Amino acid sequence: MPMDWIWGLIGGLLIGTGGAVYLLGNGKIMGASGIIGGLVDGSGRASALERVLFLLGVALMPAVLMPFFQDVTTNITDDYLVLVAAGLLVGVGTRLANGCTSGHGVCGMSRLSIRGFVATGIYIVAGGLGVIIFRHILGVI
């Protein structure tokens with residue numbers, strides 16, 4: 001059996017651990033969209049340094065780990081228009097849902113939040129529909 005599944009498991013463990021450390025360290029929920037949103041709309045000025053450091057860690061950690069895991073391949077598209085559209089759709093979706101996968105799925109569900117369970121169910125279904133539409137019908141990914 002291919003061992004590709006292990007990368008998903010490791011990634012999930014790292015996100016869960018990061019969420020626990022973030023919550024235990026400062027008592028706040030680790031929702032990436034809320035962290036970015038607070039910087040963009042100015043509501044997070046009091047914790048701007050913490051937010052920027054978190055985002056730098058998220059952005060730079062793959063580059064730090066890359067030399068150790070060179071055999072890992074991704075299936076990301078080379079079509080930048082699709083990447084931009086996907087990013088914008090995710091941003092709009094996180095604003096509509098008042099949170100993202102890390103906030104609702106990891107932190108919300110672990111706290112047994114009904115809102116977290118509902119939001120997670122909705123974005124999983126939406127993601128599945130997105131794959132059907134964009135990969136199997138439109139063929140863009």
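Me: What makes the phi of Leu112, just after α5, worth a look?
Reply: Leu112, which comes just after α5, takes a positive phi of about 60°. The model is predicted, so local features need pLDDT of at least 70 and side-chain atom pairs count only at pLDDT 80 or more, while totals for chains, interfaces and linings use all residues. Residues are numbered from 1 along each chain as its sequence is written, and side-chain values use heavy atoms, with hydrogens and water left out.

Me: Why is α5 called a helix, and how many helices and strands does the protein chain have?
Reply: A helix is a DSSP run of H or I with at least four residues, a strand is a run of E with at least two, and both are numbered from the N terminus. By that rule the protein chain has six helices and zero strands, and its pattern along the sequence reads α-α-α-α-α-α. Helix α5 covers residues 101–110.

Me: How do you know whether Cys107 is buried or exposed?
Reply: A residue is buried under 20% relative accessible area, exposed over 50%, and partly exposed in between (1.4 Å probe, protein chains only). Cys107 has 7% relative accessibility, and therefore counts as buried. Cys100, at a relative accessible area of 10%, is buried too. Across the 141 residues of the protein chain, 20% count as buried.

Me: Which helices do the buried residues of α5 pack against?
Reply: The buried residues of α5, among them Ser102, His104 and Cys107, pack against α1 (5–26), α2 (32–41) and α6 (114–137). Contact here means heavy atoms within 4.5 Å.

Me: Why are Cys100 and Cys107 not called a disulfide?
Reply: A disulfide is a covalent bond between the sulfur atoms of two cysteines, and the test for one is a pair of cysteine sulfur atoms within 2.5 Å. The sulfur of Cys107 lies 8.6 Å from that of Cys100, its closest cysteine sulfur, so the two are too far apart for a bond. A search of the whole structure likewise finds zero disulfides.

Me: What makes a set of residues a nonpolar core, and which residues form the largest one?
Reply: The set must consist of buried Ala, Val, Leu, Ile, Met, Phe, Trp, Tyr and Cys residues, joined through side-chain atoms within 4.5 Å. The largest such core has five residues, namely Tyr22, Met30, Ile35, Phe54 and Cys107. Leaving aside neighbours within four places in sequence, Tyr22 is in contact with several residues, including Met30, Ile35 and Phe54.
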